[in-house]
Amino acid sequence: MEMIAGYFEIYDLTMAIQFSLNTGPVEKVLKTLGVDYEPSAQLMEFRELLLKDGEWSTRMYTTFMNELGVMAPILFPIRQKLQDGMIVKIEESLNVQDEGLELIKDRFIQVFADRRLRISHHDLKKMILEEPQKVSKAVEAIGGTSADTIWFINQLLFFPKTAMDFLSSNTLRILDYYERSGLRELNIGLVKGYMENNSPQKVKDAFSNFLDYYGITLDESKPLYITLQNSVPHTNSGLMTYPTFHLLIMGLEEVTEDFSGRIPEEVRLRSLLKVLSDETRFKILKRLSKEPALQKDLVEFTGLAKSTISYHMGLLFKSSLIDIDPFSSIICVRRETISRAVADIRNLLNIKEKR
């Protein structure tokens, strides 16, 4: 498998936005996992600047960036082949010319049709041309998607230039907060320093340990892109698979600390059992074992607040007990992890399976 490790700066901004909108759940998850995390002063300054902005366009932008952040490789295209050690700044992925609009739109349609609408790429393109109202209704019917994100999706499907102009202008405005807070200088300085003093192989080794910990098997025919970020250095967005490549966003401290070596199965098992010991999380897993669900379904099922469910989802995801489809937001149980835990218990306690 081809593996490329670099820095795609838009993800640091995306992670800063996600942290700003979900500060409580992120901090609670890390604390429960035993991670000694203290947000940088620059990140908190960025959060304050962002949340004080009362513009409707900022609200819409941060909402769909939070909900569609995994589609950034499509919305913020890299204009050249990413290579080991390459740094791609945010400005380099903006101001897309007319010839690039159709490519972005076509890639978005391909992923969106398959992962959100469950129809073929060609069928969606035909519907856009012949039955636009049907497409709009299908977009509105998607579960767990806000009105702001629905607006942006419709703009991108029917008026791609308007959508990309909105995306670019608001990215530049949020980029101003990113710079004023000092977070941009902090992030790029630390990531550049790491990349100048370490080989890309160290990132790839951390990724191999990540795969081992989560028990993930990849489609080896697709290249893998690993991009670093430092805004929330112990938080990744999970492995994402696109039609032609895999992507993993790894926090800098995940590479240098969390996955710098293989995690012993006993440590992995203790962490898993700690997460499973909570009554609410166990109840959620039993619900998901019957059928996949959206987060809003789990809010209704438990009667708990959305922020509380987000906290539990974060822990279950970090323990690889659930999969959250990054494109459809559908949550399902990861049965391989349960099977692996049973095998680990037998192995650690030297329990022979009866024949």
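The following legends describe close-up views of a predicted model.

**Figure 1. The open sheet of 5 strands and its order.** The strands are arranged as E2-E1-E3-E5-E4, and their pairing is mixed. The edges are formed by strand E2 (87–88) and strand E4 (240–241), each of which pairs on one side only. Strand E1 (residues 3–8) runs parallel to strand E3 (residues 224–229), and 4 bridges link these two strands. Within this pairing, Ala 5 has Ile 226 of E3 as its bridge partner.

**Figure 2. Strand E5 and its pairing with E3 and E4.** E3 and E5 run parallel and are joined by 6 bridges. In this pairing, Ile 249 of E5 stands opposite Thr 227. E4 and E5, in contrast, run antiparallel and are joined by 2 bridges. Met 240 has Leu 247 of E5 as its bridge partner. E4 and E5 form a hairpin, with 4 residues lying between the two strands.

**Figure 3. Burial of strand E5 and the helix lying across the sheet strands.** E5 is mostly covered, with 6 of its 6 residues buried. His 246, Leu 248 and Met 250 point one way from the strand, while Leu 247, Ile 249 and Gly 251 point the other way; all are buried. Helix H12 (residues 200–214) lies across E1, E3 and strand E5 (246–251). The direction of H12 is at about 105° to that of E1.

**Figure 4. Packing of helix H1 against helix H3.** Helix H1 (residues 10–21) packs on H3 at an angle of about 70°, and the two axes are 9 Å apart. H1 is therefore roughly perpendicular to H3, since angles of 65 to 115 degrees count as such. From H1, the contact is made by Leu 13, Ala 16, Ile 17, Phe 19, Ser 20 and Leu 21. From H3, the contributing residues are Leu 43, Met 44, Phe 46, Arg 47, Leu 50 and Leu 51. The residues of this contact divide into 10 nonpolar, 1 polar and 1 charged.

**Figure 5. Surroundings of Ser 40, in the loop between helices H2 and H3.** Ser 40 lies between helix H2 (23–32) and helix H3 (41–52). Its relative accessible area is 22%, so Ser 40 is partly exposed; the buried class requires a value under 20%. A polar atom of the Ser 40 side chain lies 3.0 Å from the backbone nitrogen of Leu 43. Leaving aside neighbours within four places in sequence, Ser 40 is in contact with Leu 183 and Leu 186. Arg 335 is 295 residues from Ser 40 along the chain, and the C-alpha atoms of these two residues are separated by 37 Å.

**Figure 6. Surroundings of His 312 in helix H17.** His 312 is found in H17, which spans residues 306–318. With a relative accessible area of 6%, His 312 is buried. Not counting residues up to four places away in sequence, His 312 touches Asp 278, Thr 280, Arg 281 and Ile 284. With one of these residues, Arg 281, the side chain of His 312 makes a side-chain to side-chain polar contact of 3.1 Å. Ile 90 is 222 residues from His 312 along the chain, and their C-alpha atoms are separated by 32 Å.

Terms used: Residues numbered from 1 in each chain as written. Predicted model: local features only at pLDDT ≥ 70, side-chain atom pairs only at ≥ 80, totals over all residues. Heavy atoms only, no water. Pairing = 2+ DSSP bridges. Contact = heavy atoms within 4.5 Å. Axes fitted to C-alpha atoms, helices over the stretch in contact; angles between N-to-C directions. Buried < 20%, exposed > 50% of the residue type's maximum accessible area, 1.4 Å probe, protein only. Polar contact = N/O pair within 3.5 Å; in protein donor to acceptor, adjacent residues only side chain to side chain. Parallel < 35°, antiparallel > 145°, perpendicular 65-115°, else oblique. Nonpolar A, V, L, I, M, F, W, Y, C, P; charged D, E, K, R; others polar.
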